[in-house]
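Subject: Structure for your review

Dear colleague,

Please find below the structure that I am handing over to you. My notes on what was found in it follow directly after.

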Amino acid sequence: MAADVLMCGGGGGCAELTPEEERVLIRDIALASESGTKEGDTFYLLTQRWWQHWIEYVNQDQSNNMNDGPSLTENCDSAGSITLRKPSVIDNSDLINDSASEESSAGFEIHDTLLEGRDYVLLPYEVWNQLYVWYGGGPTLPRKVISSGLSQTELAVEVYPLRLHLLVMSKGDRTTIRISKKETVGDLHRRACEIFDLNSEQVCIWDYYGHRKHALMNDMNRTLDDANIQMDQDILVEIINTTNGSVLGGSMIQGNGFLGKENASVVAEPSKLNPSIVGNLSASRVSPRSFGTDLAQSQSLTPGVRELESTSSVSGVSTRGSSGGLTGLLNLGNTCFMNSAIQCLVHTPEFAKYFREDYHQEINWQNPLGMVGELALAFGELLRKLWAPGRTPVAPRPFKAKLARFAPQFSGYNQHDSQELLAFLLDGLHEDLNRVKHKPYIKSRDADGRPDEEVADEYWANHIARNDSIIVDVCQGQYKSTLVCPVCNKISVTFDPFMYLSLPLQSTTTRTMTVTVFSCGGTALPSAYTVTVPKQGRCRDLIQALSVACSLQHTEKLLLAEVRNHRIQRMMDDTLILLSTIKDDDHLAAYKVSKFEKNVIYLQLVHHCRGQGAGDVHNASEWKPCGTPLLSVISSNDGIKRADIQATVQRMLSPMIKNKAGQGGPASDRCSETIAGNAQTDSSVMSKDCSSPKPDMSSSLPLQWVDDNNKCTDLSARDEKVVRLPSSSSMLVAINWSDELLKKYNTQCLENLPEVFNGPVTKKARSEPLSLYTCLEAFLREEPLVPEDMWYCPQCKERRQASKKLDLWRLPEVLVIHLKRFSYSRSMKHKLETFVNFPIHDFDLTNYVANKNNSRRQLYELYALTNHYGGMGSGHYTAYIKLLDENRWYNFDDSHISPINEDDVKSAAAYVLFYRRVKIGDSLVSNGTRSGANYNVP
């Protein structure tokens, strides 16, 4: 029999309990406690891992009879053959988020993505208390039972109370608290006063969601749930001067709800990097048999995961606003990318009308490219919920389940690209709703000199013969693609459909870098070159640009190094080093060396100058590092002789030998002046070799070899004595520049190594914002195909790197424009934060349409867009949407919806833009305001 448990009663006596007795006792306690569960009761979180261990321990006698038939009570008399060890103390540490707990004053913070039945179980107080008496441990994680649902009659355990960020305007203090959404405004007010040690009569609190004053929270009896307070939002604590009613601290809230500039640093930017908590299981329902009955009847005693499929059972919060179409979507865990795209489609008037009518007759149940109608049905059902009366946020679990089934890349709860989801969704809905049941095979013909209008209409007719749906009717357009063979000038014209336009952002993706190039062979003075390289490039890009700038010979290569404190700090021999790791105030040097020499040692020459006031020339302490180190290679095949080192150093210094005729001027004044200007010129300025006097090989230089232990060896003698080879592939040689030696050499070019970038300190700003029209022109610009995507020329019968030109030919009713902010490579992801000035009204594409037979103006108006905040993979998506019947913009941030000004729609976060064609004949244009007749949603 397994080890017994001691049960100590109130009188101090202890009784031994077998695993079976533990099981029966816990079962009876659970049944008794849950039968009377009411609002305000306390449940406790227990890690699923420990609970499962205990379940297996108390059921080990029935382990041999486990099957799908018998219940737990039927196995009570069975004998087991395997003895399991009793669980150790309760350890809930895997539920705790240590980093969040350190930053919060709310005690232990649990992870935001926990699921009941997978990560934890909820135990009534009596059950938890009995287990705690037996086993001890912790930490204790109590949670209250609250009423939930539309009727407030369902009971739920509030696993995730509201997490609020309290901000004090005048002091700049902030803290994070946890508070139940069933607590009142008065409770929150009292907590704030206690935390910040404030007089309650001088404090008022504001709903400060998104750093805007939405409402003064002065109804002390109103619950936070009724006040529409959201998870992870800000609460502004204002200290009022009772003498004149003004806000202490001299800061006033402007009309738009933002703090004045002088106090902008008081309130930090609201976090956009952790949006998932809003949509997580913030409450777990409590049913009369959710724990005790399972305990009595289940073999494993493990309650199943309670799915919250109905909207009423989710602990959502009503959105602000009273009009239809203002229903939010709960974040299920990093599903903001999905929520933002769905809201834009749902608020497309043509789709809203279509899916609210009987669209079932158009579902293509047999389309092998579709999803047998399931995606269309799931989207239609979700759209109807979002347009239904009421404001309770919808949990899109059924839709996400369908999405994950047909697009496994969107399964789980990782962040994804909103545009990629949108592309899949539009294509999937099209195939599910394709009116063409049997697609005919049609072979496209080349233009062969026919008029463009004829060819375009033929291509479009062929496309419609195979693809005919509401998605095609609304979102698909047509562009003209022209390919020209660079060899035979063969022209190929095709007309292809498009669902959206992906426009490149012509932004500051490059940076200028200044690097000084040294010629180790003694052929030229150092040259400073300023080159342009990709901002997110690598060292190989910089080396390639420098190689062109300095006319690098095919027998040479460049060694890139960072110089600091007059020595080489690091050799940047890894060509994959990111240029972003090189700062503007770093100092870089590039050394020309022979590419083909083998068995060489890199000789680094560092310079020492006498300190001011130095008397003893031979005293090493009087010499200080100075100048820029030089680098060369020296063969080590037959050992390295002192004479070899002397010759190598003299060759390196030869361009700096002073001309005997000139008192103090370098032999190459003309060349050094040209080089000095290179730092301010384009990389097209090349280094020029300069003739200089040959070094006097009979004389010797005051050189010392500094080994790895900082021990110095004199190398001044020019003899054939072999120097012991260093253990590494490089050796450090120092030269002491005496006054006598400085009379022979001009070392001025070694004194100052320029910084990588020494431009004016200004904010990154464009003289003119990047226009959406500019992005469109870049998209339509003629350019050669990349080598990996060459075109097969039917005339040459070979693949050619043809030039490609795109033109818009036929525009859709709804034009979706994707701004390509994200770039991907095998080892790098990058986001462009470029601000794009896109028109909200009167987006005129008339001049960009190649079909000149279409005489009507091509005017569009913005009605929706998605935004992306933050970095790659960890950002947050929202949507700005205009309710066309109200002519008013709203911010859809998952479950939270708030009105915004039209002036705030434009930002650097804009990602996918939704434009709708303006019907000139039916709609009036007046100061950017349209008549609403054509925009009402039924």
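Beyond its neighbours within four places in sequence, Arg-821 is in contact (heavy atoms within 4.5 Å) with twelve listed partners, among them Leu-505, His-830, Glu-833, Val-836, Ser-907 and Tyr-911. This is a predicted model, in which local features need pLDDT of at least 70 and side-chain atom pairs count only at pLDDT 80 or more, while totals for chains, interfaces and linings use all residues. Residues are numbered from 1 along each chain as its sequence is written, and side-chain values use heavy atoms, with hydrogens and water left out.

Arg-821 sits in the loop between strand S35 (814–819) and strand S36 (822–824); strands are DSSP runs of E, at least two residues, and helices are runs of H or I, at least four, numbered from the N terminus. Arg-821 is buried (under 20% relative accessible area, 1.4 Å probe, protein chains only) but forms no salt bridge, that is, no side-chain nitrogen of Lys or Arg within 4 Å of a carboxyl oxygen of Asp or Glu. The nearest side chain of opposite charge belongs to Glu-833, 5.6 Å away. The Arg-821 side chain does reach the backbone oxygen of Thr-834, at 2.7 Å.

For the chain as a whole, there are 18 helices and 46 strands, and 51% of the 938 residues are buried. Of the contacts with a separation of 6 or more, 71% join residues 24 or more positions apart.

With kind regards

Note on methods. Buried means under 20% relative accessible area, exposed over 50%, partly exposed in between (1.4 Å probe, protein chains only). Lys and Arg count as positive and Asp and Glu as negative; His and the chain ends are not counted. A polar contact is a pair of N or O atoms within 3.5 Å; within protein, one must be able to donate a hydrogen and the other to accept it, and residues adjacent in sequence count only if both atoms are side-chain atoms.
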